[in-house]
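The following exercises are to be worked with the sequence and the model open side by side. Each task is followed by a solution in steps.

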Amino acid sequence: MNRFKIASGKEAEFVAIWRDRETHLHEVPGFREFHLLQGPSNGEYTLFASHSTWDSKDAFEAWTHSEAFRKAHASAGGSKGLYLGPPQFEGFEVVL
């Protein structure tokens, strides 16, 4: 999961970027599903999280080193004033 702080008023632009881009995730072995989650706003920013589910930690890590990952992130960082800092990665493993 990656958490993003998106400048207030830029939420629709952020969602459009994710909705319209080709992620190439379905090309990657071990990928299960993806969701973009919108959280609370505080007047300065709105919190979002990109959440993906994988068969294993190894499958996820292989994706981060893949050509599909490079293609999906080729235009990252192109929207000035949208992001309030870099995304914050949070990784979790299923225990129950």
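**Exercise 1. The chain as a whole**

What share of the contacts in the chain with a separation of 6 or more is accounted for by residues 24 or more positions apart? State also the composition and the dimensions of the chain.

*Solution.* The model is a predicted one.

Step 1. Residues 24 or more positions apart account for 66% of the contacts in question.

Step 2. Three helices and four strands are present, and along the sequence they follow the pattern β-α-β-β-α-α-β.

Step 3. Along the principal axes, the C-alpha atoms fill a box of roughly 40 × 35 × 20 Å.

Step 4. The chain has 96 residues, of which 29% are buried. Its accessible surface comes to about 6600 Å², and carbon and sulfur atoms contribute 54% of that area.

Step 5. For the charges, take the mean position of the 10 positive ones and that of the 13 negative ones; the two points are 5 Å apart.

**Exercise 2. The sheet**

In what order do the four strands lie in the sheet, and why is one side of β2 and of β4 left without a neighbour there?

*Solution.*

Step 1. The sheet is open, its order is β2-β3-β1-β4, and its pairing is antiparallel.

Step 2. β2 (31-41) and β4 (88-89) stand at the edges and have a single partner strand each, so one side of each lacks a neighbour in the sheet.

Step 3. Turn to β3 (residues 45-54), which is joined to β2 by eight bridges in the antiparallel sense. In this pairing, His35 stands opposite His51, and Gln38 stands opposite Phe48.

Step 4. On the connection between these two strands: β2 and β3 form a hairpin with three residues between them, and Gly43 in the turn has a positive phi of about 95°.

Step 5. β3 also pairs with β1, antiparallel and over six bridges; here Ile6 stands opposite Thr46.

Step 6. Seven of the ten residues of β3 are buried, and this strand is therefore largely enclosed by the rest of the structure.

Step 7. Finally, place helix α1 (residues 11-20), which lies across β1 (2-7), β2 and β3. Relative to β2, helix α1 runs at about 180°.

**Exercise 3. His24 and Ala68**

Is His24 buried or exposed, and which residues is Ala68 in contact with beyond its neighbours within four places in sequence?

*Solution.*

Step 1. Locate His24 in the loop between α1 and β2.

Step 2. The relative accessible area of His24 is 14%; because buried means under 20%, this residue is classed as buried.

Step 3. Examine the backbone. Most residues other than glycine have a negative phi. His24, however, has a positive phi, near 65°.

Step 4. Ala68 lies in helix α3 (residues 67-72). With a relative accessible area of 7%, Ala68 is buried.

Step 5. Leaving aside the neighbours within four places, the contacts of Ala68 are Thr23, His24, Glu27, Val28 and Trp63. His24 is thus one of the residues that Ala68 touches.

Step 6. Compare separation in sequence with separation in space for Ala68 and Tyr83: they are 15 residues apart along the chain, and their C-alpha atoms are 23 Å apart.

Technical notes: Residues numbered from 1 in each chain as written. Predicted model: local features only at pLDDT ≥ 70, side-chain atom pairs only at ≥ 80, totals over all residues. Heavy atoms only, no water. Pairing = 2+ DSSP bridges. Contact = heavy atoms within 4.5 Å. Axes fitted to C-alpha atoms, helices over the stretch in contact; angles between N-to-C directions. Buried < 20%, exposed > 50% of the residue type's maximum accessible area, 1.4 Å probe, protein only. Areas by Shrake-Rupley, 256 points an atom, 1.4 Å probe, with all protein chains shown as cover. Lys, Arg positive; Asp, Glu negative; His and termini not counted. Charge placed at Lys NZ, Arg CZ, Asp CG, Glu CD.
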